[in-house]
Amino acid sequence: MTLAEVADPTPAPVASPLKRTRTNGLWPLLAMPGVVWLAVFFLAPLYVVLAIVFGQVDPLFRTPIPVWNPLEWDPSQFTYVLTHIVGENGVFGPALLRTAVYVVLASVLCLLIAFPVAYYTARLSGRWAGVLLAALIAPFWISYMMRMLAWVNLLQDDGMVNRLFSLGGVFHVNVHWLTGQPVVVVLGLVYGYVPYMILPLYAGLDRLPQSTLEAARDLGANRLESFWRVTLPMCRPTILAAVLLTCLPMLGDYFTSDMLSASPKTAMVGNLINDSVQAPGQTGQAGAFVMLVLIVTVVPMFYYVRVTARDEVST
């Protein structure tokens, strides 16, 4: 390369306005299927729920009568649910509080189990990563109902769990696990939803740049300091996404409590929704519970979007 070439470099080609306009017009076209999907399968059903919540009830057949005009909505059913959460008539409050406690405990346990498994699979497993990943995906091949039914058999009075605790008959152990035990419901939620947390964590940990981790080691950080100061902050959005993907279905879960407890002492908000749907004239109350769950879940979702956007700006 001559000195003239260094002093007078050739300017980079600039994209023409026509080509930039064509490229910008491509993105709305690619996003159109997702927008249509959300409009048909999310916004439209949500409006149906609102029309039922703020609608009427047939006085004879006790069936819901949706009111499609928002100007004619009647908030009596939604108000009834709100006024029966706390206070003297707070019949719905214990189930809502119980749901929050169960979901928080189950999510923490899922994170404590899922993060080491995902970290080992993504960073330390080496050639066994494919085998471990297939083992992590295997629970999705079996329906949730079949997995819970398996635990029902194990937790029966003469099931394998009591036999294990009795050491084959040496001790007399007769614990009634399926009679409204909160710990059984929480562990059932952990067992059912921990795969949903492992896979997002694995995807996030697998994408961590190895050069950044090696730079931390070169600067004198040991394994613990490198994990605490580099790995953990970098995978914070991944942890938030995994927790959200696990918490959201847990909030509406009713099958786990029905199968492993079937007791009002462990009823969750999902059980309230299921019972209200099956009871004549209470479909609007079920929709009110759905709206409460939706409102509660929107807050952490906005927090997740804010955190990820802030991290993208900082990087």
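## Around Ser-261

In this predicted model, Ser-261 touches a mixed set of residues: Leu-178, Gly-180, Gln-181, Val-185, Thr-256 and Thr-266, once residues up to four places away in sequence are left out. Look for Ser-261 in the loop that runs between helix 12 (255–260) and helix 13. Its relative accessible area is just 6%, and since anything under 20% counts as buried, Ser-261 is buried.

## Two domains

The domain assignment splits the protein into domain 1 (41–58 + 72–84 + 286–314) and domain 2 (92–278). Measure from C-alpha centre to C-alpha centre and the two domains lie 26 Å apart. As for the contact between them, domain 1 puts in 16 residues and domain 2 puts in 14 residues.

## The core

Now for the nonpolar interior. The largest nonpolar core counts 52 residues, and the ones with the most contacts inside it are Phe-78, Leu-189, Leu-201, Leu-205, Met-250 and Phe-289. Two or more residues each come from helix 2 (17–53), helix 3 (76–83), helix 4 (93–124), helix 6 (144–154), helix 8 (182–206), helix 11 (236–251), helix 13 (269–278) and helix 14 (283–314). Helix 8 is the top contributor, with 12 residues. Domain 1 and domain 2 both supply residues here, so this core lies between them.

Leu-201 is a good place to zoom in, being one of the residues with the most contacts inside the core. Skip its neighbours within four places in sequence, and Leu-201 is in contact with Leu-111, Ala-114, Phe-115, Ala-118, Thr-238, Ile-239 and Ala-242.

## A nonpolar patch on the surface

Not everything nonpolar is tucked into a core. Met-32, Val-35, Val-36, Trp-37, Leu-38, Val-40, Phe-41, Phe-42 and Leu-43 make a nonpolar surface patch of about 910 Å². Take Val-40, one of the patch residues: its place is in helix 2, and it is partly exposed, with a relative accessible area of 44%.

## Loops at His-84 and Arg-62

His-84 sits in the loop between helix 3 and helix 4. His-84 is buried, at a relative accessible area of 15%. Its contacts, leaving aside neighbours within four places in sequence, are Asn-89, Gly-90, Val-91, Phe-92 and Gly-93. For a sense of distance, try Leu-154: His-84 and Leu-154 are 70 residues apart in sequence, and their C-alpha atoms are 38 Å apart in space.

Arg-62 is worth a look for its backbone. Its phi is near 60°, a positive value in a residue other than glycine. Most residues other than glycine have a negative phi. Arg-62 belongs to the loop between strand 1 (56–57) and strand 2 (64–65), where it is partly exposed, with a relative accessible area of 39%.

## Val-277 in helix 13

Last stop, Val-277, which is found in helix 13. With a relative accessible area of 48%, Val-277 is partly exposed; the exposed class begins over 50%. Not counting residues up to four places away in sequence, Val-277 touches Thr-283 and Ala-286. Another pair to check by eye is Val-277 and Ala-203: they are 74 residues apart along the chain, and 38 Å separates their C-alpha atoms.

Note on methods:
Residues numbered from 1 in each chain as written. Predicted model: local features only at pLDDT ≥ 70, side-chain atom pairs only at ≥ 80, totals over all residues. Heavy atoms only, no water. Core = buried A, V, L, I, M, F, W, Y, C linked by side-chain atoms within 4.5 Å. Buried < 20%, exposed > 50% of the residue type's maximum accessible area, 1.4 Å probe, protein only. Helix = DSSP H or I, 4+ residues; strand = E, 2+ residues; numbered from the N terminus. Domains from an automatic or database assignment. Contact = heavy atoms within 4.5 Å. Patch = residues over 30% accessible without salt bridge, like charges linked within 9 Å, V, L, I, M, F, W, Y side chains within 5 Å. Areas by Shrake-Rupley, 256 points an atom, 1.4 Å probe, with all protein chains shown as cover. Salt bridge = Lys/Arg side-chain N within 4 Å of Asp/Glu carboxyl O.
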